[in-house]
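Let's walk through this fold together, moving from the sheets to the helices and then to the space enclosed between them. Keep the viewer open as you read.

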Amino acid sequence: MPSLHPGGLLARRYRLIDRIGAGGMSVIWRAHDEVLDRTVALKVLADSLAADARFRSLVRQEARAAAALVHPHVTAVHDYGEEVDPDGTVTAFVVMELLSGEVLEARLTQGPLRWDHAVRVCAEVAEALAAAHRLGIVHRDVTPANIMLTALGAKVLDFGIATHIGAPDEDEDGDTFGTPAYVAPERLDGTPAQPATDVYALGVLLYETVTGRVPYPADTWDDLTEALAVSAAPPTDGMPDDVAAICLRCLDRDPLRRPTAYQAAEVLRALLPPPALPPVPVAAPAPARGRAALLAACAVLVAASAALVAGTMLRPPAESAAPEPTPASPTSVPAPFGSPSYVSPSTAPRRTVAASAPVPTVREAMAALGHILDDGVASGEISPDAGQDLRNLVRNLENNLAAGGVHDLASQVHNLHVKVGDRLREGEITAECATELGAALDRLATAV
């Protein structure tokens, strides 16, 4: 078996740097991909389990499930491999994006989150689960240990026991997968895996992040059975009423009465307070003899602000005096998009925020963009191929932003505008959805 030590080379490609984590099933290494020249996280199956084909299968299943998901709140998986030593020993590993942040489980040791922070985290987790469910994947182990808090939001980790909707929800020995306190009641009966079981775990996660405790404490399956025998709903003292309401809906004993992950995300997002506007600097009083000039300057600023709200300042100078383009009919193909100004201000997007709304943070703007992409693919307004293409570009931008490597955000957003235009001309995106994406990209370009 290859020597797993700093400086060691795995699969003739991944140079190990240092160990950054360990769990019951694996060891996590920081490594350098010498083929693509990037730093990655390498999840290596523990030596004690590597000889077991079942555990190797779990690792392989995680890689396949997570690799199918391209979403801002799901950890990207780059590669999977197995290396066999001459004596037959197998080393199995998954190559993932290297995240910088804090595991939610560790953060909760300091106490519960502020309610709005908890709601934001759970909204992002719900969006990630909704994306997985659309691909027919159930996570089955949504816990604080599998959520990473990063500069760009929450990331769902470890699809190691993920499975497809409708698959048996027990292992070959008849045992239930998962962490007892987060397992939905119906899973104890061995019912097939369903998205509703992830939504139940989301409810547990929301309850714990707000209150600091799980609704039904359980370390074993017997503990869980005993805890669930109590018919009363868990107390919600200290939780805002609206937060408690969606939490209890997710925790409903009847899976048919729970919201979908998408619906939960929508409700949670709606509960968040609007982002605060940056303070407006106040000029010192001008001398009396200069007040006429100051008033004239203020008039210019007011006019410029009005033009910005109307969207005219987003156009290159050559286009600013041109007549407003007529929105394309569903059967026509617009002219090629050469700049971010292809979105007509007269076209009102359905899901985007009005131009006069508060300036979003980069994280909020990225999340909104991912949401529109998910919606578009789910509704058929974006072809799966175009959706994957755009998600990859958004993922690259997000990773660069997280690493502090993008100093020309406007240029990167412009490139995404051009890609949307290309896909629209190819008939892979509807005109209305392209308009929404354009507006979301403009919001990203102005994010703070």
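Two strands are said to pair here if DSSP finds at least two bridges between them. With that in hand, and bearing in mind that this is a predicted model, we can begin with the sheets.

Six strands come together in an open sheet, and their order across it is 1-2-3-4-6-5, with antiparallel pairing. Strand 1 (9-10) and strand 5 (77-84) stand at the edges; each has a single partner strand, so one side of each is left without a neighbour in the sheet. Inside that order, have a look at strand 3 (residues 26-33) and strand 4 (residues 38-45), which run antiparallel and are joined by eight bridges. A handy place to check the register is valine 27, whose bridge partner in strand 4 is valine 44. As you look along any such strand, it helps to remember that in a regular strand the side chains alternate between the two faces of the sheet.

There is another open sheet to find, made of three strands in the order 7-9-10, again with antiparallel pairing. Its edges are strand 7 (101-103) and strand 10, each with a single partner strand, so one side of each lacks a neighbour in the sheet. From one strand to the next, the twist averages 25°. Strand 7 pairs with strand 9 over three bridges in the antiparallel sense, and valine 103 stands opposite methionine 148 in strand 9. On the other pairing, strand 9 (residues 147-150) and strand 10 (residues 153-156) are antiparallel over four bridges. A hairpin through two residues joins strand 9 to strand 10, and threonine 150 has glycine 153 in strand 10 as its bridge partner.

What lies across strand 9 and strand 10? It is helix 4 (residues 115-134), which runs at about 40° to strand 10. Helix 4 also has a helical partner: its axis and that of helix 5 (residues 195-211) come within 10 Å and cross at roughly 170°. Helix 4 and helix 5 are therefore roughly antiparallel to each other, since angles over 145 degrees count that way. On the helix 4 side, the contact includes Ala118, Val119, Cys122 and Leu129, while helix 5 brings residues including Pro195, Leu202, Leu205 and Val210. By class, this contact of helix 4 with helix 5 has eleven nonpolar, two polar and one charged residues.

Further along the chain, helix 11 and helix 14 (residues 431-445) pack at an angle of about 170°, their axes 9 Å apart. That angle makes helix 11 roughly antiparallel to helix 14. Among the residues that meet are Val362, Met366, Leu369 and Ile372 in helix 11, and Cys433, Leu437, Ala440 and Leu444 in helix 14. The residues of this contact of helix 11 with helix 14 divide into eleven nonpolar, one polar and two charged.

Finally, let's turn to enclosed space. How many cavities of 30 Å³ or more are there? The count comes to five, and the largest cavity holds about 60 Å³ of space. Its lining consists of Val70, His71, Pro72, Gly370, Leu373, Asp374, Arg391, Val394 and Arg395. The elements giving two or more residues to that lining are helix 11 (362-379) and helix 12 (384-402). In terms of class, the lining of the largest cavity has four nonpolar, two polar and three charged residues. One residue is worth a second look: Leu373 lines the largest cavity, and Leu373 is also among the helix 11 residues that meet helix 14.

Technical notes
Residues numbered from 1 in each chain as written. Predicted model: local features only at pLDDT ≥ 70, side-chain atom pairs only at ≥ 80, totals over all residues. Heavy atoms only, no water. 1 Å grid on protein atoms, 1.4 Å probe; cavity = no way out; pocket = protein on both sides within 12 Å on 5 of 7 lines; lining within 4 Å. Points joined across faces, edges and corners; volume = space filled by probe spheres on them. Nonpolar A, V, L, I, M, F, W, Y, C, P; charged D, E, K, R; others polar. Axes fitted to C-alpha atoms, helices over the stretch in contact; angles between N-to-C directions. Parallel < 35°, antiparallel > 145°, perpendicular 65-115°, else oblique. Contact = heavy atoms within 4.5 Å.
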